[in-house]
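Reader: Hello! I'm new to this structure and would love a close look at one place where two helices come together. Could you start there, and then help me find my way to the rest of the chain?

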Amino acid sequence: MLLFQMLIHYIFLFAISLLAIILTVNCQLVSNTVTIQDVSGNGINNYPLQIGRAFIKGEVKTAPGVSFNGTILPSQSHVTIRYDDGSVRFATVSTVLPRLSRNEQGILTFFPYSSMPPKDESCSINELINQFPNLDIKITLNGNATTSFVSAKEMINKGYYQWVTQGSVRCELLVADHLTRGADFGLNGPKSFRPIFHFSFWRTIKTVRVRSVLENSNLDTLQDVAYNVTISHGVTNPTVLYSQNNINHIFGTRWTKVFWFGDNIPELKVNINHNVTYLAMTNMFPNYLANLTLTEAQRTTYYNNWLAKPKGIFEPGIWQKYQPTTGMRDDIGPMPAWKSSWLVMGDWRFREISLTSADLAGAWSAQFREVDPALKFDREMNVSAVGRPISVNAHPKLWFPDNNGFYAGALKVPRLPRADWHFDAAHQPDPFSVAYMLTGDFYYLEGLQLWAALSATRMPSGQHGRGKDGYAGITDQVRGNAWTIRSRGYAAILSPDGTPEKRYFMQIMDDALAYWEGQRGVTEGSIYLKHPNRLWAEANTKFDWSPLRFWGIETNTKRASIWQEAFLLTTFGMLRDMGFHVEPILKEYSKLLTTQINVPGYDPRYMCYYWAYTMHNNLTWYKTWNEFASENDALQYSSSLEAIKEFNNGFFYAVDATCAASFLTSYPKGPELWEFLKSNVFDRRDYSTSYTRSFIIYPRNFFSPVFPVTSIPPPLPPSHGNSTTSGVESLINSLSFIALLLAILCVFTLAVL
């Protein structure tokens with residue numbers, strides 16, 4: 001009997017252990033799904049869904065398909081980025097969702113095809129016109145004692161278009177002329193305006209979405225122009241879609257308006273939860289927790305505040321127009337706070353705020369296009385620069401604008417009031433990257449590219465800026481370094497493979513990292529030892545890096561702000577996870593925070609200084625944290641007390657440092673740093689409604705994910721409820737049942753005995 005009891009006991013322990021293993025695996029079994037819910041109270045039917053999707057490396061070898069509530073849907077995937085193993089990294093997926101009843105929820109699941117799907121079906125202008133014979137968008141401007149207009153239909157008739165996406169579900173037509181400038185127009189003067197139209201044609205449900213864009217971006221016609229605008233629709237009996245008076249169109253800016261036509265205009269009030277837990281595993285997004293949400297009352301309050309803001313052409317919405325305005329706010333951080341809320345919650349209201357805000361961001365003078373056919377876009381001097389973003393290859397020594405705000409080549413005409421729209425690297429937000437990654441809308445990718453391109457030329461060539469002529473190092477305030485390299489990194493990683501833009505932004509990412517390594521003498525693990533911009537930095541701007549690893553050397557004030565340093569550490573962590581060669585410099589730079597932990601006699605709460613002294617009057621560095629603390633106590637004791645108060649109250653500098661620490665757990669003392677900050681900051685307060693919520697980032701779980709669906713061979717099977725449950729899930733479910741049954745039987749047997 002004793003042996004039998006022991007046997008039952010061991011079987012029980014085995015069952016419990018098996019259950020624990022299964023629970024661990026289930027924690028790692030993150031489904032590649034999106035949750036969609038109607039909250040309009042009307043339900044949806046034939047809902048056109050275009051969605052951007054990042055994928056985990058190795059998950060999708062060829063192209064992704066989708067199912068909805070277990071039924072495979074007709075879909076098309078435009079794969080633009082692949083990993084080095086050939087698997088899909090990013091794709092824009094288009095499908096039409098079937099009916100959801102009022103307030104019903106559905107699950108969209110992505111699965112990999114086992115081989116390439118059938119080739120996309122070609123699209124034609126005739127098909128679009130046959131479904132929409134009255135389709136035309138006309139932009140009419142009235143100003144400078146004249147009236148001018150541009151018609152999308154006339155541009156199409158002249159051949160100013162190309163199909164950028166073709167497939168059985170959706171066709172996208174780009175109507176623009178970046179090469180010959182045949183559609184550019186003006187108002188009694190230079191043709192400063194570039195019209196662009198994006199037609200997204202959902203061919204199976206007779207629906208079309210039109211994005212209208214008007215730019216003032218050509219480098220040889222830069223001038224401010226005042227006008228009234230009317231946007232109308234229709235070949236015959238046109239109707240006014242939008243109008244606005246007294247617009248000052250400042251050069252370097254653009255505006256956009258979106259309109260839907262047809263039988264299945266999508267319902268706005270649909271929540272689309274993109275599954276932030278899965279997306280974090282792609283390393284394209286920070287690791288936000290899925291439970292960092294807002295109550296319904298908090299969401300409503302935020303949305304009502306948004307509704308009260310002006311959102312017309314060149315109106316700010318909730319942006320801070322004057323970017324250099326001091327103080328923290330929702331738009332500063334790894335991403336704007338409203339975008340992290342959209343990413344985490346999928347609430348339709350935050351989607352509207354995020355996308356409309358990205359549309360409004362064109363009001364900053366940050367969009368410029370090349371026009372000179374003699375200039376080249378690439379470093380090898382093979383690709384024409386015409387129509388592409390401004391580049392340091394086309395202008396090796398250009399400072400644009402310079403420190404006096406002068407734009408080389410701008411027409412010598414009076415400037416118009418800018419309404420306080422002012423671009424600034426140190427407070428630069430990121431309107432576009434998340435908007436593009438969750439929608440696949442090319443307008444947002446192009447906005448990201450234009451901003452990242454300008455940010456390179458906003459610094460001079462030489463030791464106070466980019467380094468070697470024709471290269472793109474970065475020299476700004478520490479926070480300016482962070483936000484500039486963040487946007488540049490996203491432009492590089494998201495630009496489609498094989499494009500000149502991909503190569504350009506990747507190269508200038510290397511320029512910046514090589515320059516920084518050369519300045520600081522970083523050699524271990526570097527791939528940039530022979531890079532021209534590194535060699536230039538070693539010869540011209542190299543300095544003895546602080547033993548405590550403060551980023552720069554400021555010999556005038558002899559001070560640094562650790563909160564700005566945390567911005568840069570966070571950005572470096574994001575870029576490292578995306579695959580950029582940041583590790584050599586981040587491994588050293590991480591010591592700025594990690595070495596403050598477990599130092600006898602030193603209080604690590606001092607990391608919350610606003611400004612802290614870093615060197616003696618003779619310009620020698622402080623060598624230890626105890627020396628740092630004692631010198632700052634002597635020079636500014638009230639600031640030392642303020643730093644401790646900042647930490648104890650969990651204010652922004654504490655949050656900022658904790659965010660940075662989430663990316664440093666792989667380095668010595670990194671886990672101790674994270675645990676100290678997490679337990680004293682993140683764990684003690686609710687930051688869900690704070691402007692700091694985009695900083696509430698946690699370390700990634702570095703495990704090999706178990707993909708929850710098996711590959712399915714193309715072409716698409718008929719839609720009759722095919723299940724996408726994989727053998728992995730079935731095995732786990734079976735083992736869970738067996739283990740649970742064993743545990744129950746053991747408990748019952750022991751109780752009887």
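**Where two helices meet**

Author: Happy to! Asp511, Ala514, Tyr515, Glu517, Gly518 and Gln519 on the H11 side meet Asn533, Arg534, Trp536, Ala537 and Glu538 on the H12 side. Please keep in mind that this is a predicted model. The axes of H11 and H12 come within 7 Å and cross at roughly 30°. Angles under 35 degrees count as roughly parallel, so H11 is roughly parallel to H12. As for its hand, the crossing of H11 and H12 is right-handed.

Look next at what joins the two helices. H11 covers 500-520 and H12 covers 532-540, and Ser526 sits in the loop between them. Is Ser526 buried or exposed? Buried means under 20% relative accessible area, so Ser526, at 14%, counts as buried. Leaving aside residues up to four places away in sequence, Ser526 touches Glu517, Arg534 and Pro584. Glu517 and Arg534 are names you have already met, since Glu517 belongs to the H11 side of the helix contact and Arg534 to the H12 side. With Glu517 there is also a polar contact, side chain to side chain, at 2.4 Å. That makes Ser526 a handy place to start exploring: its loop links H11 to H12, and its contacts include a residue from each of these helices.

A second helix pair makes a nice companion to this one. Helix H13 (residues 562-578) packs with helix H17 (residues 652-661) at an angle of about 30°, and their axes are 8 Å apart. H13 is therefore roughly parallel to H17. H13 contributes Trp563, Gln564, Ala566, Phe567, Leu569 and Thr570 to the contact, while H17 contributes Phe652, Tyr653, Asp656, Ala657, Cys659 and Ala660. Here the crossing is left-handed, whereas the crossing of H11 and H12 is right-handed.

Now try a helix on its own. H9 runs through residues 442-457, and its 16 residues should span 22 Å at 1.5 Å a residue; the C-alpha atoms at its ends are 23 Å apart, which agrees. H9 is mostly covered, with 15 of its 16 residues buried. Its N-terminal end has a cap: a side-chain oxygen of Asp441 lies 3.0 Å from the backbone nitrogen of Tyr443.

From the helices, let's move to the strands. Glu172 lies in strand E11 and is buried, because its relative accessible area is 9%. The side chains of Glu172 and Arg170 are joined by a polar contact of 2.8 Å. Among the residues that Glu172 touches beyond four places in sequence are Gln50, Trp163, His198, Phe199 and Ser200.

Arg170 also leads us to another strand. Its C-alpha atom is 9.2 Å from that of Val208, although the two residues are 38 apart along the chain. Val208 is part of strand E13, residues 207-216, and with 0% relative accessibility it counts as buried. Which residues does Val208 touch, not counting those up to four places away in sequence? They are Leu128, Phe132, Leu135, Phe199, Ser200, Phe201, Phe259, Trp260 and Phe261. Phe199 and Ser200 are therefore contacts of Val208 as well as of Glu172.

A few loops deserve a stop too. Asn188 is in the loop between strand E11 (170-175) and strand E12 (194-202). Its phi is positive, about 60°, although Asn188 is not a glycine. Asn188 counts as exposed, because its relative accessibility is 56%. Asn237, in the loop between strand E14 (225-233) and strand E15 (239-249), has a positive phi of about 50° and is not a glycine either. Asn237 is exposed, with a relative accessible area of 70%. Finally, a cis peptide bond joins Phe400 and Pro401, with omega about -10°. Pro401 sits in the loop between helix H7 (348-360) and helix H8 (433-439).

To place these parts in the whole, step back to the protein chain. Its secondary structure comes to 19 helices and 19 strands. The chain has 753 residues, of which 58% count as buried. Of its contacts with a separation of 6 or more, 73% are between residues 24 or more positions apart.

How values were computed
Residues numbered from 1 in each chain as written. Predicted model: local features only at pLDDT ≥ 70, side-chain atom pairs only at ≥ 80, totals over all residues. Heavy atoms only, no water. Helix = DSSP H or I, 4+ residues; strand = E, 2+ residues; numbered from the N terminus. Buried < 20%, exposed > 50% of the residue type's maximum accessible area, 1.4 Å probe, protein only. Contact = heavy atoms within 4.5 Å. Expected span 1.5 Å × (residues − 1). Polar contact = N/O pair within 3.5 Å; in protein donor to acceptor, adjacent residues only side chain to side chain. Axes fitted to C-alpha atoms, helices over the stretch in contact; angles between N-to-C directions. Parallel < 35°, antiparallel > 145°, perpendicular 65-115°, else oblique. Left-handed = near helix turned anticlockwise from the far one by under 90°.
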